[in-house]
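Student: I've got a structure open and would like to talk it through with you. Could we go over it piece by piece?
Tutor: Gladly; put it up and ask whatever comes to mind.

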Amino acid sequence: MEQIEHSFGATLPGLYSPSTDDYILYFRGVSFYFPVSKCQAEWDHSRSSNVPITTPPCAYLVTIYRGTTESSSELSPMPLKQYGREVYLEGASFLQNHSLTLHLYTEGVSRWSEPKKESIKRTITLGDKAQVVATMLGAPNRIFFKSEDKMRIHSPCLDRHTAFRRSDYFFNYFTLGLDVLFDAKTHKAKKFILHTNYPGHYNFNIYHRCEFLLNLPVDNCDDLESNTIQVTAYTKWDRISERLKVSPKPVVLNRASSINTKNLFGATLCYGYRDFIFEIMPNQHIASLTIYKSDYIY
(Lines give C-alpha, C1' and ligand atoms only; values in the text may rest on other atoms or scores of the structure.)
Protein backbone atom coordinates (compact mmCIF):
# COMPACT_ATOMS: atom_id res chain seq x y z
CA MET A 1 0.00 0.00 0.00
CA GLU A 2 2.85 2.37 0.79
CA GLN A 3 4.41 1.68 -2.61
CA ILE A 4 1.13 2.46 -4.37
CA GLU A 5 0.67 5.72 -2.47
CA HIS A 6 4.26 6.65 -3.24
CA SER A 7 3.77 5.99 -6.96
CA PHE A 8 0.30 7.51 -7.45
CA GLY A 9 0.31 10.24 -4.83
CA ALA A 10 -2.33 11.24 -2.32
CA THR A 11 -5.79 9.76 -2.56
CA LEU A 12 -9.18 10.08 -0.94
CA PRO A 13 -9.77 8.01 2.19
CA GLY A 14 -10.08 4.36 1.30
CA LEU A 15 -13.32 2.44 1.71
CA TYR A 16 -13.99 -0.84 3.46
CA SER A 17 -16.46 -3.22 1.81
CA PRO A 18 -18.00 -5.46 4.49
CA SER A 19 -19.65 -7.70 1.87
CA THR A 20 -16.33 -8.73 0.33
CA ASP A 21 -13.92 -7.84 3.17
CA ASP A 22 -11.92 -5.57 0.90
CA TYR A 23 -10.16 -2.30 1.56
CA ILE A 24 -10.21 -0.20 -1.61
CA LEU A 25 -7.89 2.65 -2.56
CA TYR A 26 -9.43 4.90 -5.21
CA PHE A 27 -7.55 6.98 -7.74
CA ARG A 28 -8.88 8.56 -10.90
CA GLY A 29 -9.24 5.73 -13.38
CA VAL A 30 -7.75 2.98 -11.19
CA SER A 31 -8.63 1.20 -7.95
CA PHE A 32 -6.60 -1.18 -5.79
CA TYR A 33 -8.23 -3.88 -3.68
CA PHE A 34 -6.65 -5.26 -0.51
CA PRO A 35 -7.99 -8.31 1.35
CA VAL A 36 -8.97 -7.47 4.92
CA SER A 37 -10.49 -9.83 7.47
CA LYS A 38 -13.35 -8.60 9.63
CA CYS A 39 -11.17 -8.48 12.71
CA GLN A 40 -8.85 -6.09 10.88
CA ALA A 41 -11.62 -3.73 9.78
CA GLU A 42 -10.86 -1.11 12.41
CA TRP A 43 -9.79 2.29 11.28
CA ASP A 44 -6.91 4.33 12.58
CA HIS A 45 -8.50 7.80 12.57
CA SER A 46 -5.14 9.40 13.31
CA ARG A 47 -4.12 8.71 9.71
CA SER A 48 -5.58 10.84 6.95
CA SER A 49 -6.07 7.88 4.61
CA ASN A 50 -8.06 5.79 7.11
CA VAL A 51 -5.94 2.70 6.57
CA PRO A 52 -6.76 -0.40 8.63
CA ILE A 53 -4.62 -0.92 11.74
CA THR A 54 -3.25 -4.15 10.27
CA THR A 55 -2.23 -3.20 6.75
CA PRO A 56 -2.80 -5.97 4.17
CA PRO A 57 0.41 -7.25 2.56
CA CYS A 58 -0.40 -6.50 -1.06
CA ALA A 59 -3.18 -5.67 -3.51
CA TYR A 60 -4.84 -8.70 -5.06
CA LEU A 61 -7.00 -6.88 -7.62
CA VAL A 62 -6.56 -3.80 -9.81
CA THR A 63 -9.41 -2.33 -11.86
CA ILE A 64 -8.83 0.21 -14.63
CA TYR A 65 -11.71 2.29 -15.92
CA ARG A 66 -12.56 5.61 -17.52
CA GLY A 67 -13.60 8.51 -15.30
CA THR A 68 -13.83 8.75 -11.53
CA THR A 69 -16.02 5.74 -10.68
CA GLU A 70 -16.06 2.07 -11.54
CA SER A 71 -19.81 2.04 -12.00
CA SER A 72 -19.53 3.59 -15.44
CA SER A 73 -19.89 1.01 -18.19
CA GLU A 74 -18.09 3.14 -20.76
CA LEU A 75 -14.90 1.53 -21.99
CA SER A 76 -11.76 3.54 -22.56
CA PRO A 77 -10.94 3.78 -26.27
CA MET A 78 -7.62 2.39 -27.37
CA PRO A 79 -5.16 5.22 -28.17
CA LEU A 80 -4.72 5.71 -31.89
CA LYS A 81 -0.96 5.40 -31.64
CA GLN A 82 -1.44 1.85 -30.33
CA TYR A 83 -3.18 0.70 -33.51
CA GLY A 84 0.19 0.14 -35.17
CA ARG A 85 -1.57 0.22 -38.56
CA GLU A 86 -3.36 -3.01 -37.63
CA VAL A 87 -7.03 -3.56 -38.41
CA TYR A 88 -9.40 -4.31 -35.51
CA LEU A 89 -12.97 -5.54 -35.28
CA GLU A 90 -15.91 -3.68 -33.76
CA GLY A 91 -18.52 -6.26 -34.65
CA ALA A 92 -19.39 -9.10 -37.02
CA SER A 93 -22.84 -10.16 -38.16
CA PHE A 94 -23.81 -13.33 -40.02
CA LEU A 95 -25.98 -13.18 -43.13
CA GLN A 96 -28.21 -15.99 -44.39
CA ASN A 97 -26.14 -16.49 -47.55
CA HIS A 98 -23.16 -17.75 -45.48
CA SER A 99 -21.60 -14.29 -45.44
CA LEU A 100 -19.95 -12.33 -42.66
CA THR A 101 -20.25 -8.56 -42.51
CA LEU A 102 -17.29 -7.17 -40.58
CA HIS A 103 -17.23 -3.67 -39.12
CA LEU A 104 -13.54 -2.81 -38.91
CA TYR A 105 -11.54 0.15 -37.70
CA THR A 106 -7.94 1.18 -38.07
CA GLU A 107 -5.64 4.18 -37.85
CA GLY A 108 -6.30 6.64 -40.65
CA VAL A 109 -4.52 9.85 -41.64
CA SER A 110 -6.13 13.28 -41.66
CA ARG A 111 -5.25 16.28 -43.83
CA TRP A 112 -2.64 17.37 -41.30
CA SER A 113 -1.08 13.87 -41.02
CA GLU A 114 -2.57 13.39 -37.58
CA PRO A 115 -3.91 9.94 -36.70
CA LYS A 116 -7.66 9.42 -36.64
CA LYS A 117 -10.00 6.47 -36.37
CA GLU A 118 -11.14 5.16 -39.73
CA SER A 119 -14.14 2.80 -39.95
CA ILE A 120 -14.39 0.19 -42.70
CA LYS A 121 -17.16 -2.25 -43.64
CA ARG A 122 -16.30 -5.48 -45.43
CA THR A 123 -18.25 -8.62 -46.36
CA ILE A 124 -16.74 -12.04 -47.01
CA THR A 125 -18.62 -15.15 -48.11
CA LEU A 126 -17.95 -18.86 -47.97
CA GLY A 127 -16.69 -19.81 -51.42
CA ASP A 128 -14.64 -16.65 -51.89
CA LYS A 129 -11.18 -17.15 -53.31
CA ALA A 130 -8.16 -16.50 -51.11
CA GLN A 131 -7.22 -13.38 -53.06
CA VAL A 132 -10.74 -11.99 -52.54
CA VAL A 133 -10.52 -12.45 -48.76
CA ALA A 134 -7.05 -10.88 -48.73
CA THR A 135 -8.40 -7.93 -50.71
CA MET A 136 -11.31 -7.45 -48.31
CA LEU A 137 -9.44 -7.92 -44.99
CA GLY A 138 -5.81 -7.33 -45.88
CA ALA A 139 -2.90 -9.69 -45.52
CA PRO A 140 -3.37 -12.22 -42.68
CA ASN A 141 -1.20 -12.11 -39.57
CA ARG A 142 -0.21 -15.70 -40.28
CA ILE A 143 -0.86 -18.49 -42.78
CA PHE A 144 -1.14 -21.93 -41.19
CA PHE A 145 -1.09 -25.16 -43.19
CA LYS A 146 -2.93 -28.10 -41.65
CA SER A 147 -0.57 -30.99 -41.02
CA GLU A 148 -3.34 -33.29 -39.75
CA ASP A 149 -7.10 -33.33 -39.55
CA LYS A 150 -8.69 -35.17 -36.63
CA MET A 151 -12.12 -34.87 -38.30
CA ARG A 152 -10.96 -36.76 -41.40
CA ILE A 153 -12.22 -40.04 -39.92
CA HIS A 154 -15.79 -38.76 -40.29
CA SER A 155 -15.44 -37.95 -43.99
CA PRO A 156 -16.38 -40.32 -46.86
CA CYS A 157 -13.74 -42.86 -47.87
CA LEU A 158 -12.95 -41.26 -51.22
CA ASP A 159 -12.50 -37.79 -49.74
CA ARG A 160 -10.47 -39.25 -46.89
CA HIS A 161 -7.83 -40.63 -49.27
CA THR A 162 -7.64 -37.60 -51.55
CA ALA A 163 -7.16 -35.33 -48.52
CA PHE A 164 -3.78 -36.93 -47.89
CA ARG A 165 -2.47 -35.50 -51.16
CA ARG A 166 -3.12 -31.89 -50.28
CA SER A 167 -3.07 -29.60 -47.27
CA ASP A 168 -5.77 -27.06 -46.48
CA TYR A 169 -4.60 -23.78 -45.01
CA PHE A 170 -5.82 -21.03 -42.70
CA PHE A 171 -5.63 -17.27 -42.91
CA ASN A 172 -5.21 -16.26 -39.24
CA TYR A 173 -6.40 -12.73 -38.39
CA PHE A 174 -5.44 -12.38 -34.74
CA THR A 175 -6.68 -8.79 -34.27
CA LEU A 176 -10.07 -9.73 -35.74
CA GLY A 177 -10.51 -12.95 -33.77
CA LEU A 178 -11.06 -14.72 -37.09
CA ASP A 179 -9.67 -17.70 -39.00
CA VAL A 180 -10.59 -18.49 -42.60
CA LEU A 181 -9.99 -22.04 -43.82
CA PHE A 182 -9.31 -22.53 -47.54
CA ASP A 183 -9.51 -25.69 -49.58
CA ALA A 184 -6.09 -26.65 -50.91
CA LYS A 185 -7.43 -27.65 -54.32
CA THR A 186 -9.92 -24.87 -55.10
CA HIS A 187 -8.45 -22.15 -52.82
CA LYS A 188 -11.99 -21.23 -51.80
CA ALA A 189 -13.04 -20.35 -48.25
CA LYS A 190 -14.90 -23.26 -46.68
CA LYS A 191 -14.95 -22.33 -42.98
CA PHE A 192 -15.02 -19.22 -40.81
CA ILE A 193 -13.87 -19.69 -37.22
CA LEU A 194 -14.76 -16.92 -34.75
CA HIS A 195 -12.84 -16.86 -31.46
CA THR A 196 -14.13 -15.46 -28.14
CA ASN A 197 -10.79 -15.39 -26.25
CA TYR A 198 -11.99 -16.58 -22.84
CA PRO A 199 -9.48 -17.36 -20.04
CA GLY A 200 -8.94 -21.07 -19.59
CA HIS A 201 -9.05 -21.89 -23.29
CA TYR A 202 -6.11 -23.38 -25.18
CA ASN A 203 -5.85 -20.35 -27.50
CA PHE A 204 -6.42 -17.71 -24.83
CA ASN A 205 -4.70 -14.37 -25.48
CA ILE A 206 -3.69 -15.30 -29.03
CA TYR A 207 -6.77 -13.78 -30.66
CA HIS A 208 -8.75 -10.66 -29.90
CA ARG A 209 -12.37 -11.39 -29.08
CA CYS A 210 -14.61 -11.55 -32.13
CA GLU A 211 -17.75 -9.56 -31.27
CA PHE A 212 -20.11 -11.57 -33.44
CA LEU A 213 -23.89 -11.41 -33.64
CA LEU A 214 -25.92 -14.35 -34.87
CA ASN A 215 -29.72 -14.63 -35.05
CA LEU A 216 -31.00 -18.21 -35.21
CA PRO A 217 -34.59 -19.47 -35.48
CA VAL A 218 -35.79 -21.12 -32.29
CA ASP A 219 -36.71 -24.82 -32.47
CA ASN A 220 -38.35 -25.10 -29.03
CA CYS A 221 -41.08 -22.44 -29.23
CA ASP A 222 -43.06 -23.20 -26.07
CA ASP A 223 -44.09 -19.97 -24.28
CA LEU A 224 -41.10 -18.06 -25.63
CA GLU A 225 -41.01 -14.34 -26.16
CA SER A 226 -39.42 -14.51 -29.61
CA ASN A 227 -39.07 -17.03 -32.41
CA THR A 228 -35.36 -16.25 -32.76
CA ILE A 229 -32.42 -16.37 -30.40
CA GLN A 230 -29.57 -13.89 -30.55
CA VAL A 231 -26.18 -15.51 -30.04
CA THR A 232 -23.15 -13.39 -29.19
CA ALA A 233 -19.68 -14.06 -27.81
CA TYR A 234 -21.17 -13.71 -24.30
CA THR A 235 -24.17 -16.05 -24.64
CA LYS A 236 -23.82 -19.18 -22.52
CA TRP A 237 -24.44 -22.61 -23.92
CA ASP A 238 -27.17 -23.68 -21.50
CA ARG A 239 -29.37 -20.87 -22.81
CA ILE A 240 -28.65 -21.81 -26.44
CA SER A 241 -29.11 -25.56 -26.04
CA GLU A 242 -32.52 -25.26 -24.41
CA ARG A 243 -33.88 -23.33 -27.41
CA LEU A 244 -32.13 -25.11 -30.29
CA LYS A 245 -32.14 -28.78 -31.26
CA VAL A 246 -28.40 -29.33 -31.26
CA SER A 247 -26.55 -32.61 -31.70
CA PRO A 248 -27.09 -34.71 -28.54
CA LYS A 249 -23.61 -36.26 -28.56
CA PRO A 250 -20.78 -33.71 -28.81
CA VAL A 251 -17.30 -34.34 -30.17
CA VAL A 252 -14.59 -34.06 -27.52
CA LEU A 253 -11.79 -31.75 -28.66
CA ASN A 254 -8.53 -32.02 -26.74
CA ARG A 255 -5.93 -29.79 -28.33
CA ALA A 256 -2.29 -30.66 -27.80
CA SER A 257 1.04 -29.45 -29.10
CA SER A 258 3.12 -31.70 -31.33
CA ILE A 259 6.04 -31.12 -28.93
CA ASN A 260 4.26 -31.33 -25.59
CA THR A 261 1.22 -33.57 -25.91
CA LYS A 262 -0.25 -32.59 -22.53
CA ASN A 263 -3.07 -30.05 -22.65
CA LEU A 264 -3.20 -28.20 -19.34
CA PHE A 265 -6.36 -26.33 -20.32
CA GLY A 266 -8.62 -29.36 -20.59
CA ALA A 267 -10.88 -30.59 -23.35
CA THR A 268 -13.81 -28.73 -24.92
CA LEU A 269 -17.03 -30.07 -26.43
CA CYS A 270 -18.12 -29.39 -30.01
CA TYR A 271 -21.84 -29.35 -30.79
CA GLY A 272 -23.17 -29.27 -34.33
CA TYR A 273 -26.24 -27.30 -35.36
CA ARG A 274 -27.13 -26.85 -39.03
CA ASP A 275 -24.10 -25.14 -40.59
CA PHE A 276 -22.51 -24.20 -37.27
CA ILE A 277 -20.18 -25.85 -34.79
CA PHE A 278 -20.17 -24.50 -31.23
CA GLU A 279 -17.02 -25.20 -29.22
CA ILE A 280 -18.05 -25.05 -25.56
CA MET A 281 -15.81 -24.68 -22.52
CA PRO A 282 -16.55 -26.37 -19.14
CA ASN A 283 -17.89 -23.02 -17.82
CA GLN A 284 -20.57 -23.01 -20.58
CA HIS A 285 -18.94 -20.16 -22.51
CA ILE A 286 -18.52 -20.38 -26.29
CA ALA A 287 -14.83 -20.82 -27.08
CA SER A 288 -15.27 -20.59 -30.85
CA LEU A 289 -17.99 -20.62 -33.47
CA THR A 290 -17.35 -22.33 -36.80
CA ILE A 291 -19.47 -21.49 -39.84
CA TYR A 292 -19.37 -23.80 -42.85
CA LYS A 293 -21.36 -25.04 -45.81
CA SER A 294 -22.63 -28.60 -45.71
CA ASP A 295 -20.77 -29.55 -48.89
CA TYR A 296 -17.56 -28.04 -47.47
CA ILE A 297 -17.73 -29.58 -43.99
CA TYR A 298 -14.53 -31.66 -44.27
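Student: Which residue follows helix 2, and what is the sign of its phi?
Tutor: Helix 2 is followed by Gly 138, and the phi of that glycine is positive, near 90 degrees. Please keep in mind throughout that this is a predicted model.

Student: Staying with helix 2, which of its residues are buried?
Tutor: Ala 130, Val 133 and Leu 137 are buried in helix 2. Looking down the helix axis, the buried residues fall within an arc of 65 degrees, so they line one face of the helix. That fits a general pattern: an α-helix has 3.6 residues a turn, so residues three or four places apart point the same way.

Student: And what's on the other side of helix 2?
Tutor: Gln 131 and Thr 135 are there, and they are exposed. For Thr 135, which sits in helix 2, residues 130-137, the relative accessibility is 60%, and it counts as exposed because the cut-off for that class is over 50%.

Student: How far is the C-alpha atom of Thr 135 from that of Arg 122?
Tutor: The two C-alpha atoms are separated by 9.8 Å, with the residues 13 apart along the chain.

Student: Switching topic, which residues touch the most other members of the largest nonpolar core?
Tutor: Leu 178 and Phe 278 do, in a core of 41 residues. Leaving out residues up to four places away in sequence, Leu 178 touches a list of residues including Leu 100, Ile 124, Phe 171, Phe 192 and Tyr 207, and Leu 137 of helix 2 is also among them. Apart from this core lies another one, of nine residues, among them Met 1, Ile 4, Tyr 23 and Leu 25.

Student: What about Ser 288, is it buried or exposed?
Tutor: Ser 288 counts as buried, because its relative accessibility is 4% and the cut-off for buried is under 20%. It lies in strand 17, residues 286-292, and, leaving aside neighbours within four places in sequence, Ser 288 is in contact with Ile 193, Leu 194, His 195, Thr 196, Ile 277, Phe 278 and Glu 279. The C-alpha atoms of Ser 288 and Tyr 198 are separated by 9.5 Å, although these residues are 90 apart along the chain.

Student: How many cavities of 30 Å³ or more are there, and what lines the largest?
Tutor: There are three cavities of 30 Å³ or more, and the largest holds about 50 Å³ of space. Its lining includes His 195, Tyr 198, His 201, Tyr 207 and Ala 287.

Student: Back to backbone angles: what is the phi of Asn 205, and where does that residue lie?
Tutor: The phi of Asn 205 is near 70 degrees, a positive value in a residue other than glycine, and Asn 205 lies in the loop between strand 11 (189-195) and strand 12 (212-217). Most residues other than glycine have a negative phi. Arg 274 also has a positive phi, of about 50 degrees, and is not a glycine; its place is in the loop between strand 15 (268-273) and strand 16 (276-280). Asn 205 counts as exposed at 61% relative accessibility, and Arg 274 counts as exposed at 53%.

Student: Last one: what does the secondary structure come to overall?
Tutor: It comes to four helices and 17 strands, and of the 298 residues of the protein, 38% count as buried. Among contacts with a separation of 6 or more, residues 24 or more positions apart account for 48%.

Terms used: Residues are numbered from 1 along each chain as its sequence is written. This is a predicted model: local features need pLDDT of at least 70, side-chain atom pairs count only at pLDDT 80 or more; totals for chains, interfaces and linings use all residues. Side-chain values use heavy atoms; hydrogens and water are left out. A nonpolar core is a set of buried Ala, Val, Leu, Ile, Met, Phe, Trp, Tyr and Cys residues joined through side-chain atoms within 4.5 Å. Buried means under 20% relative accessible area, exposed over 50%, partly exposed in between (1.4 Å probe, protein chains only). Contact means heavy atoms within 4.5 Å. Helices (H or I, at least four residues) and strands (E, at least two) are DSSP runs, numbered from the N terminus. The arc is that of the directions from the helix axis to the C-beta atoms. On a 1 Å grid over the protein atoms alone, a cavity is a set of points where a 1.4 Å probe fits but cannot get out, and a pocket is an open set with protein on both sides within 12 Å along at least five of seven lines; lining residues have an atom within 4 Å of a point. Grid points are joined across faces, edges and corners, and a volume is the space filled by probe spheres set on the points.
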